[in-house]
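Welcome to my notebook. I kept these entries while looking around a structure that was new to me, and I hope they help you find your way too.

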Amino acid sequence: EVLKRKAIKEGKESVYVPVAAFTTAYARRELITAAQSNYERWLYMDTDSLHLLGDEEAKNIKIDDTALGAWKMESKWSEAKFLRQKTYAEKIDNEWNYKCAGLPQECKEKLNIEDFYIGAVIPGKLMSKQVKGGTKLVETTFEIKKI
């Protein structure tokens, strides 16, 4: 018996690697330069954001919501708690705003600042589970892990 299979050719437009590498390197340079210029106030940074202490103007950073190459002022907070990358809380207009990769909104709404720490186990996360006849949502917990 002979089995024949027709190959499906998948392809996508090639990416010009030097442009991608330059863009990434340029953005990294801008971010690191901004943090170093404001080192005495620098608290936390991520791939696209910088969090500084105080309300003074940042040095060597152009702030504008729409200008190309400028930084956007996303929030002004009065208190903050930074645990690890992509896991922090900022108090904005007297209300804690939580950023935590993987933490569902339902859990954030139940969270208070005293329970926001490495190792905290937060109830209320829904996870899909395969059961006979389909899938059902099962309540579980979310743990803020040390990386």
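**Entry 1: a strand and its two partners**

I began with β4 and β5, which run antiparallel and are joined by six bridges. A word of caution before going on: this is a predicted model. β5 covers residues 95-100. Looking for a facing pair, I found Lys91 opposite Trp96 in β5. The two strands make a hairpin with two residues between them, and Asp93 in that turn has a positive phi of about 50 degrees.

Next I looked to the other side of the pairing list. β3, residues 79-84, is also antiparallel to β4, with five bridges joining them. Here Phe82 has Tyr88 of β4 as its bridge partner. β3 and β4 form a hairpin as well, again with two residues between the strands.

How many of the residues of strand β4 are buried? I counted five of the six in the run 87-92, so the strand is largely enclosed by the rest of the structure.

**Entry 2: Lys86 in the turn**

I stopped at Lys86, which sits in the loop between β3 and β4. Its phi is near 55 degrees, a positive value in a residue other than glycine. I then checked its side chain and found a salt bridge with Asp46, where the closest N and O atoms are 3.3 Å apart. This pair links distant parts of the chain: Asp46 belongs to the loop between β1 and β2, and Lys86 is 40 residues away from it in sequence.

Buried or exposed, where does Asp46 fall? Asp46 counts as buried, at 15% relative accessibility. Lys86 is partly exposed, with 41%.

**Entry 3: more salt bridges**

I wanted the full count, and the total is five salt bridges. I looked up two more of them.

Glu40 and Lys59 meet through their side chains at 3.0 Å, N to O. They are 19 residues apart, with Glu40 in the loop between α1 (17-37) and β1 (42-45) and Lys59 in the loop between β2 (50-52) and β3. Glu40 is exposed, with a relative accessible area of 54%, while Lys59 counts as partly exposed at 44%.

Glu56 forms a salt bridge with Arg41, with 3.3 Å between the closest N and O atoms. This pair, too, links distant parts of the chain: Glu56 is in the loop between β2 and β3, Arg41 in the loop between α1 and β1, 15 residues apart. Arg41 counts as buried, at 10% relative accessibility.

While I was in the loop between β2 and β3, I also noted Asn60 there. Asn60 has a positive phi, near 60 degrees, though it is not a glycine. At 66% relative accessibility, Asn60 counts as exposed.

**Entry 4: a lysine without a salt bridge**

Which side chain of opposite charge is nearest to Lys108? I found Glu109, 9.4 Å away. A salt bridge needs a nitrogen and a carboxyl oxygen within 4 Å, and Lys108 has none, although Lys108 is buried.

So what surrounds this lysine? Lys108 lies in helix α2, residues 105-110. Beyond its neighbours within four places in sequence, Lys108 is in contact with Tyr98, Cys100 and Leu103.

**Entry 5: the nonpolar cores**

Those three contacts of Lys108 turned up again in my next search. Tyr98, Cys100 and Leu103 belong to the largest nonpolar core, which has twelve residues. Other members include Ala89, Cys107, Phe116, Ile122 and Phe142. Tyr98 has contacts of its own beyond its sequence neighbours, among them Tyr88, Ala89, Leu111, Ile113 and Phe116. Apart from this core lies another, of seven residues, including Leu31, Ala35, Leu50 and Trp71.

A general remark I wrote in the margin: in soluble globular proteins, nonpolar side chains tend to be buried together.

**Entry 6: two cysteines**

Last, I searched the whole structure for disulfides and found zero. Why do Cys100 and Cys107 not form a bond? The sulfur of Cys100 is 9.5 Å from the closest cysteine sulfur, in Cys107, and that is too far for a bond. Both cysteines count as buried: Cys100 has 6% relative accessibility, and Cys107 has 0%.

Methods:
Residues are numbered from 1 along each chain as its sequence is written. This is a predicted model: local features need pLDDT of at least 70, side-chain atom pairs count only at pLDDT 80 or more; totals for chains, interfaces and linings use all residues. Side-chain values use heavy atoms; hydrogens and water are left out. Helices (H or I, at least four residues) and strands (E, at least two) are DSSP runs, numbered from the N terminus. Buried means under 20% relative accessible area, exposed over 50%, partly exposed in between (1.4 Å probe, protein chains only). Lys and Arg count as positive and Asp and Glu as negative; His and the chain ends are not counted. Contact means heavy atoms within 4.5 Å. A nonpolar core is a set of buried Ala, Val, Leu, Ile, Met, Phe, Trp, Tyr and Cys residues joined through side-chain atoms within 4.5 Å. Two strands pair if DSSP finds at least two bridges between them. A disulfide is a pair of cysteine sulfur atoms within 2.5 Å.
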